[in-house]
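Okay, hi everyone, thanks for giving me a few minutes. Have a look at the structure on the screen, and I'll walk you through a few charged pairs, a surface patch and a helix.

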Amino acid sequence: MYDKKDDFWDIDKLVPKKEKPKYVRPVHDTEAVEISIEPKSHDESTVLCRTIPQREPTSEPRLPELEYSPASPLISSVKIYREKSGYGYYGQFCEDAERVAKIPPQEAEHVPYFSYVPQFCQLSRAQLAFYVHFRDRVFHGEYIKADFSYILLLIYEIINRGDRADVHEGRRTLCGIYKNYRGEYPRLSRSLCSYICDYSLIHRLPPPESFLELGLPDDFALKEFFVYYGDSRDYAKALMNFCSAYDYKKSKFAQGDARAIFDTHIVGALSYVLEKCSEPGKILSAAALEDNTVTREAYAGALCAFSTRRRIEVSYCSFSRSHELRFLIADIIKYSENKIRATLGIKSRLGVYSVPDNIRAVLDEYFAEALGRTPRTFKKTEREEYEKLYDAPRTELSLKNAEDIENSSWRVTKLLVEAFAEEEPEPVAPEPESCEGDLRSALGEKYEFLTAALDENAKKQNEIASRLGKMKDVLADEINEIAAELLGDIILEDIGGYYSVVEDYKELI
């Protein structure tokens, strides 16, 4: 009964239903069609054929415009490809750049200028005059204050003029801009670093010397290009920057006057290892390096005329992605730092685990010649000012004062003896404690290694470490940890591939 009343409000039942039209997909005929036209005369006939040609894949490989092998052993080949297109993007910019390059520079006041994509056609007369003045100052090595858009415009000019100008001077200017303006404009850091790399590869220029000292962005993909191949010290600096899990510059001991010693001998030791332990064309044959190929669009993100656009393919040997090499370089640096610490008389040592014996021998050879065996000394630290307040007052030597102090001492002693005479316990003969006995029981089977270190017997130390199934450095670290708990100091020191007992504890042990 209630259901029928509710049907009265169902509007959908009252509205007539409409059928939805069916969609018919049109069929396009792509076959050839013959069209016949009535001839003008009975003995002539014309047939026109309309065809739609199909795109056939081109089997012909695309050849590079330029292919070469640079002198760097890290980069095996570079291929430069030209982009194919019938369009001339930013062609007017190149023509304007050539005209601006011929304008004689004059002193001009700074005029503000901003543009997301700076171009010469946007400049007023005053802005153009300042740009020519700014451009001339930068070419002469004077980096005056300028808006970011002026700097971008100069970068775009150098890129697009290419070999129509002096490419060596152009690359030098780009590096100068990178060095002097990226602090004020951090956005330059990543983009300009990439442009310098592309500009150098396209124009067959070697990496800029000392560029690594300026620092590279962490996410830059082709760090190996900037490794200057002047000598092994350049490779050593590159490996320390990009391929080490340890940075000695953060050590508390590599500060102040000692910093120069660390900088000189850690780089020197690593470069010496590279000379002695690398095969021709390879770095550190002890580690497996990865071969990589990267393809990059040149000047990505820059205003670049189509005639300047290139695609670059680089085949190179990557050391920044080799985990094995990262650990090896880090341990070589730690081993070298331990040698320097020993020379400076610093007791603490770093743990070293993955340096092969042949590399250890080369490092020992370097430090024996560079630093030699010097007497072990300890650093003297400056006293704080407040500690001087606790010093005894300085007075002249007086026998009377000494006698008064002695008499006063005996009076105090007599009073103390009388006060505690009744409670004084019977004297007990003390038993002598042996530091060597405590240390021997704590070391257990490691004590034999300590005796070998006392005799400075390198062969016996190797045999004991091998028998205990541990590396020699690990065993020495464990003994030093136990000694630090008992004596408050370490007792073993590395003296060039084997260990000796610290001079201060030889008699005690």
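Before we start, one bit of vocabulary: a residue is called buried when its relative accessible area is under 20%, exposed when that value is over 50%, and partly exposed in between. Also keep in mind that this is a predicted model.

Let's begin with the charged pairs. Side chains of opposite charge can pair when their charged atoms come close. In this model, the count of salt bridges comes to 19. I'll pick out a few.

Take Arg164 and Glu98. Their side chains form a salt bridge, with N to O at 3.1 Å. Where do the two residues of this pair sit? Arg164 is in the loop between helix H5 (148-161) and helix H6 (167-181), while Glu98 belongs to helix H3, residues 91-101. That puts them 66 residues apart, so this pair links distant parts of the chain. And is Arg164 buried, exposed or partly exposed? Its relative accessibility is 46%, so Arg164 counts as partly exposed. Glu98 has a relative accessible area of 22%, which makes Glu98 partly exposed too.

Next pair: Lys145 and Glu184, again a salt bridge, at 3.1 Å from N to O. Here, Lys145 sits in the loop between helix H4 (125-139) and H5, and Glu184 in the loop between H6 and helix H7 (188-202). These are distant parts of the chain, 39 residues apart. Lys145 is at 65% relative accessibility, so Lys145 counts as exposed. Glu184, at 40%, is partly exposed.

The third one joins Lys446 and Glu478, with 3.9 Å between N and O. Lys446 is in the loop between helix H13 (435-443) and helix H14 (447-454), and Glu478 is in helix H16 (residues 472-487), so the salt bridge ties together parts that are 32 residues apart in sequence. Lys446 has 16% relative accessibility, so Lys446 counts as buried. Glu478, at 22%, is partly exposed.

Salt bridges can also link up into a network: Glu65, Arg82 and Arg310 do that here.

Since we've just met H16, let's stay there. How far apart are the end C-alpha atoms of H16? They are 22 Å apart, and that agrees with the 22 Å that 16 residues should span at 1.5 Å a residue. Quite a few residues in H16 are buried, including Leu475, Ala476, Ile479, Ile482 and Ala483. The buried set also has Lys472, Asp473 and Asn480 in it. An α-helix has 3.6 residues a turn, so residues three or four places apart point the same way. After H16 comes Gly488, which has a positive phi, near 80°.

Now back to H3, where we find Asp96. With a relative accessible area of 13%, Asp96 is buried. Its side chain makes a polar contact of 2.2 Å with the side chain of Arg99. Leaving aside residues up to four places away in sequence, Asp96 touches Phe120 and Cys121.

Last stop, the surface. Which residues form a nonpolar patch there? Tyr89, Tyr90, Phe114, Tyr116 and Val117, together offering about 610 Å² of accessible area. One of them, Tyr90, lies in the loop between strand S4 (75-82) and H3. Tyr90 has a relative accessible area of 36%, so Tyr90 is partly exposed.

That's my tour, thanks for listening!

Key: Residues numbered from 1 in each chain as written. Predicted model: local features only at pLDDT ≥ 70, side-chain atom pairs only at ≥ 80, totals over all residues. Heavy atoms only, no water. Salt bridge = Lys/Arg side-chain N within 4 Å of Asp/Glu carboxyl O. Helix = DSSP H or I, 4+ residues; strand = E, 2+ residues; numbered from the N terminus. Buried < 20%, exposed > 50% of the residue type's maximum accessible area, 1.4 Å probe, protein only. Patch = residues over 30% accessible without salt bridge, like charges linked within 9 Å, V, L, I, M, F, W, Y side chains within 5 Å. Areas by Shrake-Rupley, 256 points an atom, 1.4 Å probe, with all protein chains shown as cover. Expected span 1.5 Å × (residues − 1). Polar contact = N/O pair within 3.5 Å; in protein donor to acceptor, adjacent residues only side chain to side chain. Contact = heavy atoms within 4.5 Å.
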